[in-house]
Amino acid sequence: MPNDSTRNIALLIDCDNARPDSIRGVLDELAKHGSIHVRRAYGNWKREGGWEDKLHPYAILPVQQFAYTKGKNATDLAMAIDAMELLFTESVDGFALVTSDCDFTPLAMKIRAKGKLVYGFGEEKTPAAFVNACSEFIRTENFVEASPENPEPKKTSRRTRSELRGDTELMNTLRTAIQSSEGDDGWAFLGKVGQFIANQSSLSPKNYGYAKWADLIRATEYFEEESKIPNHPHFRLKRPAKAP
């Protein structure tokens, strides 16, 4: 897998189940992971409100999809077909699927089975099946842009120490990642910890209000930190205090 600077990403947007005011944040986030060579948005532009104004400024290709039969979602099928074509015919290292629709779970699983990354972007209501099928899932509430109707968009507030410790999945993942990544000296380098988490789950620190895993780990106050080299933090489980 290429590193972040050379990774080719295909961005596919389900406009039936995505918010247009989050697209800038999605693109900014993906820029950290590679170059977005393919940008497509799927929907029926006769009824999709708000999306048309967002597509051209961000060089996103609109893919018109009519609802041929009432009650059937032709958009999902068109997006899945294009994803499969890209997967097998183009040099794509990762896919960004912008949707809150659980129907894309099999697609995400198929892409990952072929050794590609899947970045999922959706609202908090997104079913766990799709969230867990992604390599990383980020809630789009974090990316809502300010507007005259919504001058101060709501962002994910930072979880407190107690809230973080009360999240069993999160704490078990952090504990396992640090213990599995520790060296002979008992300390785990943050880079290895982050890679373990990425390999093991779809968790993202942004969904807890933190920009980086280091900030979130510190906030739990459950681990010890040591910076052997500047900007290269190491962590380990807190050791019991020695008896006097």
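Let's start with a hole: the largest pocket here has a volume of about 880 Å³. The model is a predicted one, where local features need pLDDT of at least 70 and side-chain atom pairs count only at pLDDT 80 or more, while totals for chains, interfaces and linings use all residues. Residues are numbered from 1 along each chain as its sequence is written, and side-chain values use heavy atoms, with hydrogens and water left out.

What's a pocket, then? On a 1 Å grid over the protein atoms alone, a pocket is an open set of points with protein on both sides within 12 Å along at least five of seven lines, and lining residues have an atom within 4 Å of a point. Its volume is the space filled by probe spheres set on the points.

Of the 27 residues that line the largest pocket, the closest to its centre are His33, Glu136, Gly194, Ala198 and Trp213. Strand S5 (117-122), H8 and H9 each give two or more residues to that lining, and H8 gives the most, with 7 residues. (Helices, H or I with at least four residues, and strands, E with at least two, are DSSP runs numbered from the N terminus.)

Trp213 leads us to helix H9 (residues 213-220), where 6 of the 8 residues are buried, meaning under 20% relative accessible area with a 1.4 Å probe and protein chains only; over 50% is exposed, and anything in between is partly exposed. Besides Trp213, the buried residues of H9 are Ala214, Leu216, Ile217, Ala219 and Thr220. They pack against helices H6 (161-165), H7 (168-181) and H8 (190-200), plus strands S8 (223-229) and S9 (232-237). Right after H9 comes glutamate 221, with a positive phi near 55 degrees.

Just along the chain, tyrosine 222 and phenylalanine 223 form an edge-to-face aromatic pair, 5.2 Å centre to centre with 75 degrees between the planes. Rings of Phe, Tyr and Trp (its six-membered ring) pair if their centres lie within 6.5 Å; planes under 30 degrees apart are stacked, over 60 edge-to-face, and the rest tilted. Tyrosine 222 is partly exposed at 28% relative accessible area, but phenylalanine 223 counts as buried because its value is 7%.

Now for the second largest pocket, at about 330 Å³. Of its 16 lining residues, the closest to its centre are Val131, Phe137, Arg139, Leu203 and Asn207. Helix H5 (128-133) supplies the largest share of this lining, 3 residues.

Conventions. Contact means heavy atoms within 4.5 Å. On a 1 Å grid over the protein atoms alone, a cavity is a set of points where a 1.4 Å probe fits but cannot get out, and a pocket is an open set with protein on both sides within 12 Å along at least five of seven lines; lining residues have an atom within 4 Å of a point.
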